[in-house]
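Me: I would like to learn how to read a few features of a fold. Could we go through them together, starting with the aromatic rings?

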Amino acid sequence: MVTALASAGRMSLTNYLGQSLVCALLFTGFGAALVGRVAPIGVAAIAVALFAAQSVASRWWLRHHAYGPLEWLLRAWTTLSLPRWRLQNETRSPRRGR
C-alpha cells in the first residue's frame with residue numbers, strides 16, 4: 001500500500017491542484033456543470049478514477065524527474081535557487097537503428 005501511494009504523495013501539491021481543476025471543470029458551470037446531476041456513487045467513482053489516473057501519472061513522472069512540476073516550483077521559490085529537474089542517474093541514450 002505504501003509503495004502504491006508513495007508517488008502520489010511525493011507530488012501531493014501537483015495532484016491536489018490537478019484534482020481541483022478537473023473537478024471544477026466537471027462540476028461547475030465553467031465546465032460540464034455536473035453538480036447535482038451525478039449520484040453520490042458516481043461522484044465517488046469519478047474521485048477514485050481520478051486518483052488512480054494521477055497515481056499512474058505520478059509514478060511515470062517520478063521515474064524521469066526529481067520532483068513534481070509544482071513541487072519543483074515551490075522548492076525553487078523557497079530556496080531561491082533552481083533545483084535539479086531530471087533525475088541525476090538518468091542518461092540520454094542515442095536512438096537505436098538510426
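Reply: Gladly! Rings of Phe, Tyr and Trp, the last by its six-membered ring, pair if their centres lie within 6.5 Å. In this predicted model, ring pairs join Trp60, Trp61, Trp72 and Trp85 into a cluster.

Me: How many aromatic pairs does that rule give?

Reply: The count comes to 3 aromatic pairs. One of them is formed by Trp72 and Trp85, with 5.4 Å centre to centre and 90 degrees between the planes, an edge-to-face arrangement. A pair of aromatic rings is described by just those two things, the distance of the centres and the angle of the planes. Planes over 60 degrees apart count as edge-to-face, which means that 90 degrees qualifies.

Me: Where in the chain do Trp72 and Trp85 sit?

Reply: Trp72 belongs to helix H4, residues 69-79, while Trp85 lies in the segment after H4. The two are 13 residues apart, and their pair links distant parts of the chain.

Me: Is Trp72 buried or exposed?

Reply: Here the general idea is a cut-off: buried means under 20% relative accessible area, and exposed means over 50%. Trp72 has 16%, so Trp72 is buried. Its partner Trp85 has 34% relative accessibility and therefore counts as partly exposed.

Me: Thanks! Now the whole chain: which elements does the protein chain have?

Reply: There are 4 helices and 0 strands in the protein chain. From the N terminus on, the order reads α-α-α-α.

Me: And what does the radius of gyration of the protein chain come to?

Reply: It helps to hold the value against a reference. A compact globule of 98 residues would have a radius of gyration near 13 Å, but this chain has 17 Å. Along the principal axes, the C-alpha atoms fill a box of roughly 50 × 40 × 30 Å. Of the 98 residues, 20% count as buried. For contacts with a separation of 6 or more, 51% come from residues 24 or more positions apart.

Me: How much of the accessible surface belongs to carbon and sulfur atoms?

Reply: The accessible surface comes to about 7500 Å², and 67% of that belongs to carbon and sulfur atoms. A nonpolar patch on the surface is made of Leu13, Tyr16, Leu17, Leu74, Trp77 and Leu80, with about 700 Å² of accessible area together. Helices H2 (12-27) and H4 are the elements that give two or more residues to the patch. H2 gives the most, with 3 residues.

Me: Why can Leu13 be part of a surface patch?

Reply: Patch residues need over 30% relative accessible area. Leu13, found in helix H2, has 31% relative accessibility, so Leu13 counts as partly exposed and passes that cut-off.

Me: Could we finish with contacts? Which residues does Ser7 touch, not counting residues up to four places away in sequence?

Reply: With those neighbours set aside, Ser7 touches Ser58, Arg59 and Leu62. Ser7 is found in helix H1, residues 2-10, and at 12% relative accessibility Ser7 counts as buried.

Me: What is Ile46 in contact with, leaving aside its neighbours within four places in sequence?

Reply: Ile46 is in contact with Leu26, Phe27 and Val38 on that basis. Ile46 has its place in helix H3, residues 40-64, and is partly exposed, with a relative accessible area of 24%. A separation in space can be read beside one along the chain: the C-alpha atoms of Ile46 and Cys23 are separated by 9.0 Å, and these residues are 23 residues apart along the chain.

Notes
Residues numbered from 1 in each chain as written. Predicted model: local features only at pLDDT ≥ 70, side-chain atom pairs only at ≥ 80, totals over all residues. Heavy atoms only, no water. Phe/Tyr/Trp six-rings, centres within 6.5 Å; stacked < 30°, edge-to-face > 60°. Buried < 20%, exposed > 50% of the residue type's maximum accessible area, 1.4 Å probe, protein only. Contact = heavy atoms within 4.5 Å. Rg over C-alpha atoms; globule rule 2.2 N^0.38 Å. Areas by Shrake-Rupley, 256 points an atom, 1.4 Å probe, with all protein chains shown as cover. Patch = residues over 30% accessible without salt bridge, like charges linked within 9 Å, V, L, I, M, F, W, Y side chains within 5 Å. Salt bridge = Lys/Arg side-chain N within 4 Å of Asp/Glu carboxyl O.
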